[in-house]
Structure formats: structure tokens, C-alpha cells
Amino acid sequence: MTPNIADAKAKLSHLDMEQNPATVRNKSRDFFWYSPVLKDAMDHLEADFVINAKSEDEIIEILRVCYAHDVPVTMRGGGTGNYGQAMPLAGGCVIHVAKMNKVKEIGAGYVVVEPGAVIKEIDDELKEKSGQELRMYPSTYSQATIGGFIAGGSGGCGSAAWGALRDIGNIKRLRVITMEAEPRILEFTGEELHRVSHAYGTNGIITELELPLAPAYDWTELFVRFDTFRAATEFAGAATAEPGILVKLASVYAAPIAHAYFQRVKPHVTEDDHLVGLMVAPHNMDGLVTLLERFAGGNVIYRSDDVIWDRHPGPMYEFGWNHTTLRAMKFNKGLTYLQVRYGSDIEKVMAAYEAFQGKLHMHLEVMREGAGISFAGLPIVEPMDKDALDQLVAEHEAMDCMIFNPHRYTLEEGGRQSTDMRQLDFKRQSDPKGLLNPGKMIAWDEPDFDYADMYSYKNIRAKPETAA
Ligand code: FAD
């Protein structure tokens, strides 16, 4: 199947097509470079052409033409994905949806939006018009789109209260376009949502989303300092688990992260201090302080409604989730990271903390899970090559710590290393030629892949120096 790029471009030339090669290159890239492994594998990749879509009708037209000409299609929202999700492995067309950014309807407890709306902008409008806000957002709040979050993200600020993005109830409805001779428009609710949420746009294009809302608060942001990592972790866990206290963000930064990498925090901590970063509903601050009094040694060093610093530290969510890694990488480009699920057992977190001393610095995010909580980890990892990273992953797995490997570009390797049959079955119906974001779903290309080493998509564009 050889794509006929020239004819597809000619048929779509009346649309808003990027002509500047530098823009085409920029819009073909995301935060893949976060991983030294992905940087090496993907740095040369670029689309053949980019179209800025303005409407669902335009998306349908692009898909129809690309299908007829065997042209791969990769969607792009804000381009902040850190698994190379939005990188066009086989070239083809990138559809940028930044212009599809309307908030279409706001109701009691829900919002209907277009996929290219930037998440913070949706929240700003929601707060102003209805006193409500989205339940959760990635720490890339001010750049990421809502479509990109649902198709590529997993949770974030708000997960301490509401769990993971894919937990039941966190998405209400998705409108999806298929990649066929005549693209279909489908509406998904309930179990059907799992077909396309966190599917990297490999089996359908999301053109409208209905999401649940929560009351908006002027969240109180805090840094609480502890002498030990255990005490910090226990407090963050307890605060998140406490039913009467509404916590939106609970991050734990083992020493010396705050001192070494948080520039505006540094004057207020030592390199031995372990820090908890929190966002708490303002009416629950009394409860939070009461809880803290039960934990010997924890003291509040910053409180956005009271203990103010000369230099504002910036929004609390931009310390958490993958922003912790970003801050560390600003000091040392060689540093990297892992994404780990420790589950609810704090002793497993402590065992990992002890086992990996010298190799990584622990950074945790506490999430609600079912009736309890769980610990997700985004540890900052000392500079190391692919083999050493693979070894570190294996050591985690040997301790029963699940890795969502951020040094891989496929859904399976960045997930649970297994096929999601709901996504695969739907791809069979929605993308019969396999043209949507090709190379990202192993189960489609190579169902017997054994995960012994990194998957390498057979049609990935060759690096220029190795091209025939
Ligand atoms: P993009 O990167 O543009 O796209 C993501 C994926 O979705 C791609 O596969 C793309 O093809 C697909 N896609 C985009 N739009 C559509 C559509 N309309 N239909 C179908 N598929 C589509 N992630 C989290 O979950 N939580 C975090 O807290 C978090 N923090 C981050 C911090 C940093 C510093 C960085 C670099 C990344 C972080 N991420 C996080 C990852 C990423 O920012 C989020 O997943 C974000 O929501 C992606 O949104 P985006 O608009 O940039 O998507």
C-alpha cells in the first residue's frame, strides 16, 4: 500500500494546509524528546503535510481523501504527549485541531466541547459562566487540548479526588469519526468509551466530547515539609484518603528534589527536606490542618491563602505530575524518568525507595482508586542508556511495581503490555486499512509480539542517513 501523497494534497489544497516546512516539522513533533530512547528513535520523523481542520465536516473530508489515497493520518492537539503519541511514524497527514476549540454547551454537571479546546481555556469559561470546572487535567493544563488529553492522557491534577481519566464516570460521551471510504459518525457512551479513550487516535477521530464537571473552588495551595520520605508519603496518603477533606492534588517529592530543582522553593528548604505539594478546597483547610497536627514533624512552609513568599512559586499543578521531570531536566538535560504504579501498599513504595537509592529520586502522585487510594510514581531517574533503563524497569517489575514505560511509543508498551481487545476490535471496524496513527498499536501489526525488547514499527520512516 503506497500512499499517494501528491494526489491527496491536491484534492485537499482548498483547506488550511501548512506550507512552511518548519511549521510542518514543528507540528509533527511532541514531547517525545523527554525520553532519550524515543529521542533517538523519533527525532527525524515528520509528516508529509499538515492541515488545520476547522470543523467536523473538514475532518470527514480529509479522512475520505486520505483513505482513498492510502495516506496515514495522525491527530494533533497541543502536541504535549510524552510517549511520542502524536508523532507520525510513517509520515502522511497530520490533522491539527487547534481551531476546533469551542465550548458548545454548559449544563449542571456537564460540558460539551470541541476537541481542540485548550483545557485551561475551557475551565476559565466554565468558572466564569457556571462556577464549575473540569474534574481533572494534566499538568500541561495551559497547553494541552481536551481531545489530546482523552486520547493520550491518563489523569492528573484532580485524580486525587476523582481517580483516573478512564475510571467509570469521568467521561460522559465521545463523538467519533471512522477512517473508511465513507467515514461514519458514531456516538459512544458507557463501555463503548473504552474503545477510543487513551487509544492515541489509532481507531477514530474525536470531534466532540461531553465531560462531567465539579464545583469550582479557589483551591488553597500548600507545601508541607517533612523530615522523612515515609512521613511525607503517609501524610499525603492520609490527606487524600480522608473522606471529609477535598484534595485535588497530593504530590510527594523526596529529598533533594525540592532543593535541587524547584528554584523558587529552594530558599525555603534544605537538601534533606521531603516535600508534599497539595491543592485543597478552601473550606477544608481547617480539616487539613487538624489532620497535619496528628503527623509529627510536618510543617507548612507555603500556603497560598496565608504563608506567602516574596516570589510566588507559580501554580501548584506545575510542580506535579510530569512537570516535576520537566523542572529537573532544566537543571540536567540527561535526567530522565519512569512512570510506575505502586498500588495502595505504602510498604511497596518504601521498598522501592530503599532499593533504588542512587538511581532515582522518588516523586509520587496520590490518586483515588475505588474506595481507597493508590500511589503513582514519576521518579526522576539519573542519566542512563537504554540498556540500563531496561534493567531498571525489570527491577521494578521484579518488585511487582507496574511500569507504564515512557521510553516506548506503542499503546501496549506504554500501558499494561497486553492487547486491549476493545480498542483492537473497534479498529477492525473503524480503520480497515490501518491508516490511523500507524505503528502505535502492536496488536494490529504483530499480534504475536512477545515484549522481549522494544517494538520497532516496520514501516517507520528511516532516518535520513540510513535511508536507501
Ligand atoms: P497531543 O500530544 O497532541 O495528542 C495526544 C494523543 O492524542 C496523540 O496520539 C494524538 O494523535 C491523539 N489525539 C489528539 N487529538 C485527538 C482527537 N481529536 N481524536 C483522536 N486522537 C487525538 N498526561 C497526563 O495524563 N497527566 C499529566 O499530568 C501529564 N503531565 C504532563 C506534563 C508534561 C510536562 C508533559 C510533557 C506531558 C504531560 N502529560 C500528562 C502528557 C500530555 O501532556 C497529556 O496527555 C495531554 O493531555 C496531551 O494533550 P495534547 O493536546 O497535547 O495531545
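## Pockets, ligand and fold in a predicted model

Visitor: How much space lies in the second largest pocket, and which residues are closest to its centre?
Guide: This is a predicted model, where local features need pLDDT of at least 70, side-chain atom pairs count only at pLDDT 80 or more, and totals for chains, interfaces and linings use all residues. Residues are numbered from 1 along each chain as its sequence is written, and side-chain values use heavy atoms, without hydrogens and water. The second largest pocket holds about 350 Å³ of space (the space filled by probe spheres set on grid points joined across faces, edges and corners). Of its 22 lining residues, the closest to the centre are Met 1, Ala 90, Pro 438, Tyr 457 and Asn 459.

Visitor: What is a pocket here?
Guide: The search runs on a 1 Å grid over the protein atoms alone, with a 1.4 Å probe. Lining residues have an atom within 4 Å of a point. A pocket is an open set of points with protein on both sides within 12 Å along at least five of seven lines.

Visitor: How many residues surround the ligand, and how do they divide by class?
Guide: The shell counts residues with a heavy atom within 4 Å of the ligand. It has 37 residues, and among the closest are Met 75 and Thr 145. Nonpolar means Ala, Val, Leu, Ile, Met, Phe, Trp, Tyr, Cys and Pro; charged means Asp, Glu, Lys and Arg; the others, Gly among them, are polar. The shell divides into 14 nonpolar, 22 polar and 1 charged.

Visitor: Which element gives the largest share of the shell around the ligand?
Guide: Helices (H or I, at least four residues) and strands (E, at least two) are DSSP runs, numbered from the N terminus. With 5 residues, the largest share comes from α6.

Visitor: Where is the cis peptide bond?
Guide: Pro 256 sits in the loop between β11 (247–253) and α9 (257–261). Omega is about 5° at the bond, which joins Ala 255 and Pro 256.

Visitor: Why is the protein as compact as a globular protein of that length?
Guide: The protein has 15 helices and 20 strands. The globule rule (2.2 Å times the number of residues to the power 0.38) gives 23 Å for 468 residues. The radius of gyration, taken over C-alpha atoms, is close to that value, so the protein is as compact as a globular protein of that length: 22 Å.
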